[in-house]
Amino acid sequence: MTITDLPNAPAAAGGLTVWPASTTRLPHGGLAVGGVPLAEIADRFDTPAYVLDEGEVRGRCRTYRDAFPDADVLYAAKAFLCRAMVRWVHEEGLGLDVCSAGELELAVTSGFPPKRIVLHGNAKSPRDLEAALRLGVGRIVIDSPSEIARIAAAVGPGGRQKVMVRVVPGVSAGGHDKIRTGTDDQKFGLSLTDGGAQHAVKRILGQPQLELTGLHCHIGSQITEVKPYLVALRRMVGLMARIRDAYGVVLPELDMGGGHGIAYRPGEPALDLTALARRLRAELIEGCAAARLTAPRLLIEPGRAVVGPAGVALYRVLAVKHTGDKVFVAVDGGMSDNPRPALYGVRYAPRLVSRTSAAEPRTTMVVGRHCEAGDVLATDVHLPGDIRPGDLLAVPVAGAYQLSMASGYNLVGRPAVVAVHEGTARLLVRRETLQDYRSRDIGV
Ligand code: LLP
């Protein structure tokens, strides 16, 4: 089973494979998500709007809990965080991975237990560490040698903080160069190959303020194969055995990070979660038995696969331009709410959702409204030839790394976030307004 094949998915049956499972077609040609017509959401909350299907997020959390019953599943907040997400993942029994004081404080002030939070970051600011220690974060993942003394000093005499070490296992995987983090040619972690990781472990073990609970690795993102995880796990177990041999310490935890790939368009591959769970477990048991090591508790940190497919971006068409043989459909959002096509060349499958059209489909480029030619949302998509200003377009699989990477470009303002669930829609995050900009801009 892949996580896109959630059971009882009527959406999949209707040719809407990458849409939330609750998606249904309406008689006039529109779509409803979570029982709410998208056109109604546009009327009520305006566009652009990001629609989050609460049932889909919760269902995905449960799929993880079921697939990994003996592991700790931590939701990677960087994919998307708001107070409702904090509540949903907590209620579904997941922990949280954060990488800044901002994510951490939002989670804790929304009621998330700090002990179930892991703090990451290749360059943690004094504010990040201060918040982590003040709030009592469960684990801090050490990413560079200079953090060891820094954290120990901040903890102070008599205190003790649980930490892990981020290891670079030398495995290359991931959907794009910018999101491959498993090899030594990038900024994260401590190298397995040059001995940096083991040296850091030795130093941490010498610090009474630090309790080393285990090792961490995150090899990349948008990975659709199980194999790289198995290779990484084998290397991590090897390092754990060497640590036991060298220092007599058996580490109780192993965090294999996230990176689980999803389909953005029908027909694209997704990581098979059940296979990942089964084969990781088997590899762990086998590898530990061979090294005569007590198997550590497994942690995983999925972000995209929890929230990505639960989100739909909803835009109004503002302009349609025919230039030579090209058709440009310009909408009221763009790279300020979704920089992913510009950054990673990612392709999406938008759809007309406000009416039916019998017009012949045409190859279209969906572009944003920003002052930049690279402001493209989707290339080579087939949309009805009669698409016109006022139509509504919706982009599925919009829940991860879109709003969390949104910018203030052109002062367009970040979109509203609307939750849908069992036939009702409610505003989670309001649209950013001129007033918001004005209140931050205090100079003259
Ligand atoms: N754990 C760590 C330490 C991470 O750095 C990340 C993602 C995750 C877990 C979650 O990975 P996921 O399951 O979401 O793939 N902006 C890029 C993705 C960057 C991923 C950064 N780290 C994108 O839009 O594709």
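**Exercise 1. Describe the second largest pocket by its volume and its lining.**

Solution. The second largest pocket of this predicted model has a volume of about 460 Å³, a volume being the space filled by probe spheres set on grid points that are joined across faces, edges and corners. A pocket is an open set of points on a 1 Å grid over the protein atoms alone, where a 1.4 Å probe fits, with protein on both sides within 12 Å along at least five of seven lines, and lining residues have an atom within 4 Å of a point. Of the 29 lining residues, Pro 350, Arg 351, Leu 352, His 382 and Leu 383 are the closest to the centre. Strand 18 (376–384) and strand 16 (351–352) each give two or more residues, and strand 18 gives the most, with five; strands are DSSP runs (E, at least two residues), numbered from the N terminus.

**Exercise 2. Place the ligand and identify its polar partners.**

Solution. Begin with the domains, whose bounds come from an automatic or database assignment: domain 1 (24–52 + 309–440) and domain 2 (54–308) both give residues to the shell, so the ligand lies between them. Next, take oxygen atoms of the ligand: one lies 2.4 Å from a polar side-chain atom of Ser 221, one is 2.6 Å from a side-chain N or O atom of Tyr 401, and one lies 2.8 Å from a backbone N or O atom of Arg 304.

Residues are numbered from 1 along each chain as its sequence is written. Local features need pLDDT of at least 70, side-chain atom pairs count only at pLDDT 80 or more, totals for chains, interfaces and linings use all residues, and side-chain values use heavy atoms, without hydrogens and water.

Conventions
Polar contact = N/O pair within 3.5 Å; in protein donor to acceptor, adjacent residues only side chain to side chain. Helix = DSSP H or I, 4+ residues; strand = E, 2+ residues; numbered from the N terminus.
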